Amino acid sequence: ALLGGEDWAMELTAEEFEDFRQLAEELVATLKAMADHLMAEEQLTCELESKHVWLELEGYPQAYGLRLILQGGRRGEGGWPAPVADQVMAAISTLPTPTFPAP
């Protein structure tokens, strides 16, 4: 997969992208679940990581940014501010879940 922002782009392997997708969906679900427990002016910062990807979500339930760092042998970093991060998540949710060949 090719991910990019205003001034960056990087190619992710299928495993890296699937980790990115799963972590991002989990972070957004966590943020949405916390919405009722936050005051209007409160921001939340959450992060998750796998062996391939580190991901941070920061902001409000209705406006958050995402930051991505590739881990392991390759390195890369990028992110999307609000409201672009929400648009990225909407686009990702329309993609089919890849199937990987058995090892």
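How many helices and strands does the protein have? This predicted model has two helices and six strands. The legends below visit them one view after another.

**View 1. The whole protein, from end to end.** Reading along the sequence, you meet the elements in the pattern β-β-α-β-β-β-β-α. The C-alpha trace spans about 45 × 30 × 25 Å along its principal axes. For 103 residues, a compact globule would have a radius of gyration near 13 Å, and the 14 Å of this protein agrees with that. Buried residues make up 38% of the 103. Among contacts with a separation of 6 or more, 42% link residues that are 24 or more positions apart. The protein exposes about 6300 Å², and carbon and sulfur atoms supply 54% of that area.

**View 2. An open sheet of four strands.** Here the strands stand in the order 3-4-5-6, with antiparallel pairing. Strand 3 (44-49) and strand 6 are at the edges; each has a single partner strand, so one side of each is left without a neighbour in the sheet. On average, neighbouring strands are turned by 10 degrees against each other, direction ignored. Strands of a sheet pair through backbone hydrogen bonds, and they may do this in a parallel or an antiparallel way.

**View 3. Helix 1 against the sheet.** Which strands does helix 1 touch? Helix 1 packs on the sheet and touches strand 3, strand 4, strand 5 and strand 6, and its direction makes about 25 degrees with that of strand 4. This helix covers residues 14-34, and at 1.5 Å a residue its 21 residues should span 30 Å; the end C-alpha atoms are 30 Å apart, which agrees. Its buried residues include Phe-17, Phe-20, Leu-23, Ala-24, Leu-27, Val-28 and Leu-31. Also buried in helix 1 are Glu-16, Glu-18, Asp-19 and Arg-21.

**View 4. The hairpin of strand 4 and strand 5.** Strand 4 (residues 53-60) and strand 5 (residues 63-70) run antiparallel and are joined by eight bridges. Two residues carry the chain through the hairpin between these strands. To find one rung of this ladder, look for Glu-56, whose bridge partner in strand 5 is Arg-67.

**View 5. The hairpin of strand 5 and strand 6.** Strand 5 also runs antiparallel to strand 6 (residues 76-80), and five bridges join the two. Five residues lie between these strands in the hairpin, and Gly-72 in the turn has a positive phi of about 95 degrees. Most residues other than glycine have a negative phi. Across the pair, Leu-66 stands opposite Trp-80, while Arg-67 stands opposite Gly-79.

**View 6. The two faces of strand 6, with Gly-78 in focus.** In a regular strand, side chains alternate between the two faces of the sheet. In strand 6, Gly-76, Gly-78 and Trp-80 form the covered face, whereas Glu-77 and Gly-79 form the uncovered one. Is Gly-78 buried or exposed? Its relative accessible area is 9%, under the 20% limit, so Gly-78 counts as buried. Beyond its neighbours within four places in sequence, Gly-78 is in contact with Trp-8, Met-10, Leu-66, Arg-67 and Leu-68. One of these partners, Leu-66, is twelve residues away along the chain, and the C-alpha atoms of Gly-78 and Leu-66 are separated by 8.6 Å.

**View 7. Ser-50 in its loop.** Ser-50 lies in the loop between strand 3 and strand 4. Which residues does Ser-50 contact, leaving aside its neighbours within four places in sequence? They are Asp-19, Leu-23 and Gln-71. Two of these names have appeared before: Asp-19 and Leu-23 are among the buried residues of helix 1. For a sense of distance, the C-alpha atoms of Ser-50 and Gly-79 are separated by 17 Å, with their positions 29 residues apart along the chain counted as the step from one to the other.

**View 8. A cis peptide bond and the second helix.** The peptide bond that joins Ala-82 and Pro-83 is cis, with omega of about 0 degrees. Most peptide bonds are trans. Pro-83 has its place in the loop between strand 6 and helix 2. Following the chain onward, you reach helix 2 (residues 84-93), which lies across strand 5 and strand 6 and runs at about 70 degrees to strand 5.

Note on methods. Residues are numbered from 1 along each chain as its sequence is written. This is a predicted model: local features need pLDDT of at least 70, side-chain atom pairs count only at pLDDT 80 or more; totals for chains, interfaces and linings use all residues. Side-chain values use heavy atoms; hydrogens and water are left out. Two strands pair if DSSP finds at least two bridges between them. The expected span of a helix is 1.5 Å times one less than its number of residues. Buried means under 20% relative accessible area, exposed over 50%, partly exposed in between (1.4 Å probe, protein chains only). Axes are lines fitted to C-alpha atoms, for helices over the stretch in contact, and angles run from 0 to 180 degrees between N-to-C directions. Contact means heavy atoms within 4.5 Å. The radius of gyration is taken over C-alpha atoms; the globule rule is 2.2 Å times the number of residues to the power 0.38. Accessible areas come from the Shrake-Rupley method with a 1.4 Å probe; for residues, only the protein chains shown count as cover.
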